[in-house]
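Visitor: Please take a close look at the packing in the interior of this model. I should like an account that moves from the core to its surroundings, with every term defined.

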Amino acid sequence: MPLPELGARQDRRLRWTLRSVLAVGGALVRDVQGFGSAVPDSGPVIFALNHTTRLEALLVPALLMALRGGRRVHFLADWNFLLVPGVATLFRVGEVIPVNRKPARPRFLNRYRQRLCPAQPAHELALARLRAGGDVGIFPEGTATGCPFALRRGHRGAARLAIAAGVPIVPVGIRHRVPAGASRVGELAPFSLHFGDPIAPASHDASVANDRELHRALMRRLAQLSAKQWPFNHETP
């Protein structure tokens, strides 16, 4: 598909970074559907996407920011990426919010965690971005699954942020083209993005029941948009 043109809204370093990432990986993007009708023109939003391959963590945020005309989308991502030369630079330019839940491997790299990660928890940093008018991106499954037919149960972080900030969640399904009968999705599998209508919190009540219900609605919609199943409809997430 033709990739979006980047205007002058973003700084030069971000524009160069987005163009470089899309020039390398853009050929994997086969289609984008529903973006214009689903994404509000103004105001902060949370983009929530299913997560199948590790390459998505680099390519999809760049594509999403390009579609937004260079507006940054602050994705939450594992802090271990900041230990990888090159990838760390991309994450800093994109102003990614590090999630420092997982330990590094090998263990001696954990000595850099305090230096690379802000003192504030990722949830607080994301909430501050939303309240300042910025966009936030989340992969609720938490990690790349490689599975072509089912979603993980997922974490309720997107639902909690939406309720706390009073902003909608835009679900985005990533559909990969895989051979029939394949048990895993290859890292270089072509994919398309399918945007769904925004899901607004029913209330600002930050109760467990409320964020569970919003999480269920989000994951069900992601299952539809990604052409996968979410086999947890009758369980407590």
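Guide: The account below goes from the core to the helix contacts and ends with the backbone.

The model is predicted, so local features are taken at pLDDT of at least 70 and side-chain atom pairs at pLDDT 80 or more, while totals for chains, interfaces and linings use all residues. Residues are numbered from 1 along each chain as its sequence is written, and side-chain values rest on heavy atoms, without hydrogens or water.

The largest nonpolar core has 31 residues. Such a core is a set of buried Ala, Val, Leu, Ile, Met, Phe, Trp, Tyr and Cys residues joined through side-chain atoms within 4.5 Å; buried means under 20% relative accessible area, exposed over 50% and partly exposed in between, with a 1.4 Å probe and protein chains only. The members that touch the most others are Val 32, Phe 47, Leu 49, Phe 191, Leu 193 and Phe 195. At least two residues each come from α1 (12-25), β1 (29-33), α2 (35-38), β2 (46-49), α3 (56-67), β3 (73-78), β6 (169-176) and β7 (191-195). These elements are DSSP runs numbered from the N terminus, helices being H or I of at least four residues and strands E of at least two. Helix α3 gives the largest share of this core, eight residues.

Phe 47 shows what surrounds one of these members. Apart from neighbours within four places in sequence, Phe 47 is in contact (heavy atoms within 4.5 Å) with Val 39, Leu 64, Arg 68, Val 73, Asp 135, Val 136, Gly 137, Ile 138, Val 170, Val 172 and Phe 195. A second core, separate from the one above, has 28 residues, among them Ala 48, Ile 97, Ile 138 and Ile 199. Ile 138 is thus a contact of Phe 47 and also a member of the second core.

How do α1 and α3 pack? Their axes lie 9 Å apart at an angle of about 125 degrees, the axes being lines fitted to C-alpha atoms, for helices over the stretch in contact, and the angles running from 0 to 180 degrees between N-to-C directions. The angle makes α1 oblique to α3; under 35 degrees counts as roughly parallel, over 145 as roughly antiparallel, 65 to 115 as roughly perpendicular and the rest as oblique. The crossing of α1 and α3 is left-handed, a term for a near helix turned anticlockwise from the far one by less than a right angle, whereas clockwise is right-handed. On α1 the contact involves Leu 14, Leu 18, Val 21, Leu 22 and Gly 25, and on α3 Leu 58, Leu 59, Ala 62, Leu 63, Met 65 and Ala 66. By class these are 10 nonpolar, one polar and no charged residues, where Ala, Val, Leu, Ile, Met, Phe, Trp, Tyr, Cys and Pro count as nonpolar, Asp, Glu, Lys and Arg as charged, and the others, Gly among them, as polar.

Helix α7 (residues 157-165) takes part in two further contacts. With α8, the angle is about 120 degrees and the axes are 8 Å apart, so that α7 and α8 are oblique to each other. This crossing is right-handed. Ala 158, Ala 159, Arg 160, Ala 162 and Ile 163 of α7 meet Asn 210, Asp 211, Leu 214, His 215 and Leu 218 of α8. Six of the residues in this contact are nonpolar, two polar and two charged.

With α6 (residues 122-131), α7 packs at about 45 degrees, the axes 10 Å apart. These helices are therefore oblique as well, and their crossing is right-handed. The residues involved are His 123, Ala 126, Leu 127, Leu 130 and Arg 131 of α6 and Arg 160, Leu 161, Ala 164 and Ala 165 of α7. Arg 160 appears in the contact with α8 and in the contact with α6.

Leu 225 belongs to α8 (residues 208-226) and counts as buried because its relative accessibility is 6%. Beyond neighbours within four places in sequence, Leu 225 touches Pro 171, Val 172, Gly 173, Arg 175, His 194, Phe 195 and Gly 196. Phe 195 and Val 172 are contacts of Phe 47 too.

Finally, the backbone. Most residues other than glycine have a negative phi, and most peptide bonds are trans. Arg 105 and Pro 106 are joined by a cis peptide bond with omega about -5 degrees, and Pro 106 sits in the loop between β4 (97-99) and α5 (113-116). Glu 95 has a positive phi near 55 degrees and lies in the loop between α4 (87-93) and β4; at 29% relative accessibility, Glu 95 is partly exposed. Ala 227, with a positive phi of about 60 degrees, is in the segment after α8 and is exposed at 52% relative accessible area.
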